[in-house]
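Biologist: Hey, I'm about to look at this one for the first time. Can you pull it up and walk me through it?

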Amino acid sequence: MVTTGIAHRLLDRDAERRVFDRLVEVVRGGRSSVLVVRGEPGIGKTALLDYVVDAAAGFRVARAEGVESEG
Ligand SMILES: Nc1ncnc2c1ncn2[C@@H]1O[C@H](COP(=O)(O)OP(=O)(O)O)[C@@H](O)[C@H]1O
Ligand SMILES: [Mg+2]
């Protein structure tokens, strides 16, 4: 479990953190993995992604952002 950076600021996300920690472990073991993070605006998706970026120390991280062009 990561205990530095954003982890200190993330409240009430133990289950999600375990999922992300496991994902990083799997990838460190040489396997690829995909996880979709879904939820309403403001629910904390970006905060969780910041957590996994911290947890992925040593990896190259690519981030992209999608914009809804027509509502
Ligand atoms: N688990 C959490 N603990 C504390 N603050 C959080 C948590 N999740 C989100 N936040 C804060 O709530 C706000 C919205 O979160 P954010 O990750 O941007 O949501 P989303 O990406 O789903 O729209 C941000 O200021 C973020 O830092
Ligand atoms: Mg976001």
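Modeller: Sure. A helix here is a DSSP run of at least four residues, and helices are numbered from the N terminus. Keep in mind that this is a predicted model.

Biologist: Okay, which helix is D21 found in?

Modeller: D21 is found in helix α1, which covers residues 14–28.

Biologist: And which side chain of opposite charge is nearest to D21?

Modeller: That's R17, 5.7 Å away. A salt bridge has to be within 4 Å, so D21 is buried without one.

Biologist: What does the side chain of D21 make a polar contact with, then?

Modeller: With the side chain of Y51, at 2.6 Å.

Biologist: Switching topic: where does L10 lie, and is it buried or exposed?

Modeller: L10 lies in the segment before α1. Its relative accessible area is 12%, and the cut-off for buried is under 20%, so L10 counts as buried.

Biologist: What does L10 touch further along the chain?

Modeller: Leaving out residues up to four places away in sequence, L10 touches R17, A47, L48 and Y51. L10 and A47 are 37 residues apart along the chain, yet their C-alpha atoms are separated by 7.5 Å.

Biologist: Cool. And what surrounds ligand 1?

Modeller: Among others, L10 and A47 again, plus G42, G44 and K45. A backbone N or O atom of G42 lies 2.7 Å from an oxygen atom of ligand 1, and for G44 that distance is 3.0 Å. K45 uses its side chain, with an N or O atom 2.8 Å from a ligand oxygen.

Biologist: How much of ligand 1 does the protein bury?

Modeller: 59% of the 560 Å² that ligand 1 exposes when taken alone.

Methods. Residues are numbered from 1 along each chain as its sequence is written. Chains are lettered from A and ligands numbered from 1 in the order in which they are written. This is a predicted model: local features need pLDDT of at least 70, side-chain atom pairs count only at pLDDT 80 or more; totals for chains, interfaces and linings use all residues. Side-chain values use heavy atoms; hydrogens and water are left out. Helices (H or I, at least four residues) and strands (E, at least two) are DSSP runs, numbered from the N terminus. Buried means under 20% relative accessible area, exposed over 50%, partly exposed in between (1.4 Å probe, protein chains only). Lys and Arg count as positive and Asp and Glu as negative; His and the chain ends are not counted. A polar contact is a pair of N or O atoms within 3.5 Å; within protein, one must be able to donate a hydrogen and the other to accept it, and residues adjacent in sequence count only if both atoms are side-chain atoms. Contact means heavy atoms within 4.5 Å. A residue is near a molecule or strand if one of its heavy atoms lies within 4 Å of it. Accessible areas come from the Shrake-Rupley method with a 1.4 Å probe; for residues, only the protein chains shown count as cover.
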